[in-house]
Amino acid sequence: MIPAGGRTLAETSEEELLATIFATLPTRNEVMIGVGDDTALLRVPTGSVLVTTDSMVLGRDWLDAWSSGHEVGHKVVVQNLADIAAMGGTSTGVVVSLIAGRDTTIEWCRALNEGIADACRAENVAVLGGDLSSAPDGVRMVSITALGSCGTCRLSAATGHGWVMWSR
């Protein structure tokens with residue numbers, strides 16, 4: 001559900017939107033440089049990094065009539081964290097991308113942010129940063145890249161190999 005009324009992205013600068021959402025995002029001790037810069041710096045205790053990404057597109061993966069921004073944000077995070085866990089890893093951070101039409105309301109963006117933040121907080125995962133880009137009206141796409149570490153990683157069953165990998 002997209003909330004009716006309120007300011008849209010067309011009426012808000014990128015700086016205003018980022019200032020609105022940055023204050024509510026979680027972090028961790030391993031985050032040396034987080035949100036607010038174009039590149040995050042994350043200390044990795046095991047020397048290995050797991051990386052996965054998933055995207056959701058309005059009209060293909062959700063409809064506003066069925067899902068709120070909060071629900072979309074929560075789902076896109078947990079599907080990534082599940083991929084890290086399936087490898088035997090621990091999620092440490094996520095990077096978020098939002099591509100949205102100028103008709104997208106700030107309220108929907110706030111709800112998306114709250115869903116992302118709630119899912120990350122529940123799993124002690126930091127939001128490291130991300131990207132915003134414009135799209136034609138009516139278009140919205142959210143993408144999460146999750147990072148994690150593992151002492152003993154395992155390949156997912158989807159590979160068919162069942163190998164176990166040890167990081168050093």
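**Exercise 1. Find out in which sense strand 3 and strand 6 pair, and over how many bridges.**

*Solution.* Start with strand 6, residues 140-149, and look at how it runs beside strand 3: the two pair in the antiparallel sense, over eight bridges. To see the match in place, find Val 51, which stands opposite Leu 147 in strand 6. Keep in mind as you work that this is a predicted model.

**Exercise 2. Work out the strand order of the open sheet, and say which strands stand at its edges.**

*Solution.* Step one: you already have strand 3 beside strand 6.

Step two: look for another partner of strand 6. Strand 4 pairs with strand 6 in the antiparallel sense, over ten bridges, and Thr 90 stands opposite Ser 149 in strand 6.

Step three: go on from strand 4. Strand 4 pairs with strand 5 over nine bridges, here in the parallel sense; Val 95 faces Gly 129 of strand 5.

Step four: put the pairs together. The four strands form an open sheet in the order 3-6-4-5, with mixed pairing. Strand 3 (50-57) and strand 5 (126-135) each have a single partner strand, so they stand at the edges, with one side of each left without a neighbour in the sheet. From one strand to the next, the twist averages 15°.

**Exercise 3. Place helix 2 and helix 3 relative to the strands.**

*Solution.* Take helix 2 (residues 69-86) to begin with: it lies across strand 3, strand 4 (90-101) and strand 6, and runs at about 150° to strand 3. Then trace the chain from strand 4 through helix 3 (residues 106-122) to strand 5: together they make a right-handed β-α-β unit.

**Exercise 4. Which residues of the largest nonpolar core touch the most other members, and which element supplies the largest share?**

*Solution.* The core has 31 residues, and Val 94, Trp 108, Ile 116 and Val 142 touch the most other members. Helix 1 (14-22), strand 3, helix 2, strand 4, helix 3 and strand 6 each supply at least two residues. The largest share, eight residues, comes from helix 3. Now zoom in on Ile 116: leaving out residues up to four places away in sequence, Ile 116 touches Gly 73, His 74, Val 77, Val 96, Val 127 and Ile 144.

**Exercise 5. Find the aromatic pair and explain what it ties together.**

*Solution.* The structure holds one such pair. Trp 62 and Trp 108 are stacked, at 5.9 Å centre to centre with 10° between the planes. Trp 62 lies in the loop between strand 3 and helix 2 and Trp 108 in helix 3, so the pair ties together parts 46 residues apart in sequence. Finally, check their surroundings: Trp 62 and Trp 108 are both buried.

Key
Residues numbered from 1 in each chain as written. Predicted model: local features only at pLDDT ≥ 70, side-chain atom pairs only at ≥ 80, totals over all residues. Heavy atoms only, no water. Pairing = 2+ DSSP bridges. Axes fitted to C-alpha atoms, helices over the stretch in contact; angles between N-to-C directions. Contact = heavy atoms within 4.5 Å. Right-handed = clockwise from strand over helix to strand, strands pointing away. Core = buried A, V, L, I, M, F, W, Y, C linked by side-chain atoms within 4.5 Å. Buried < 20%, exposed > 50% of the residue type's maximum accessible area, 1.4 Å probe, protein only. Phe/Tyr/Trp six-rings, centres within 6.5 Å; stacked < 30°, edge-to-face > 60°.
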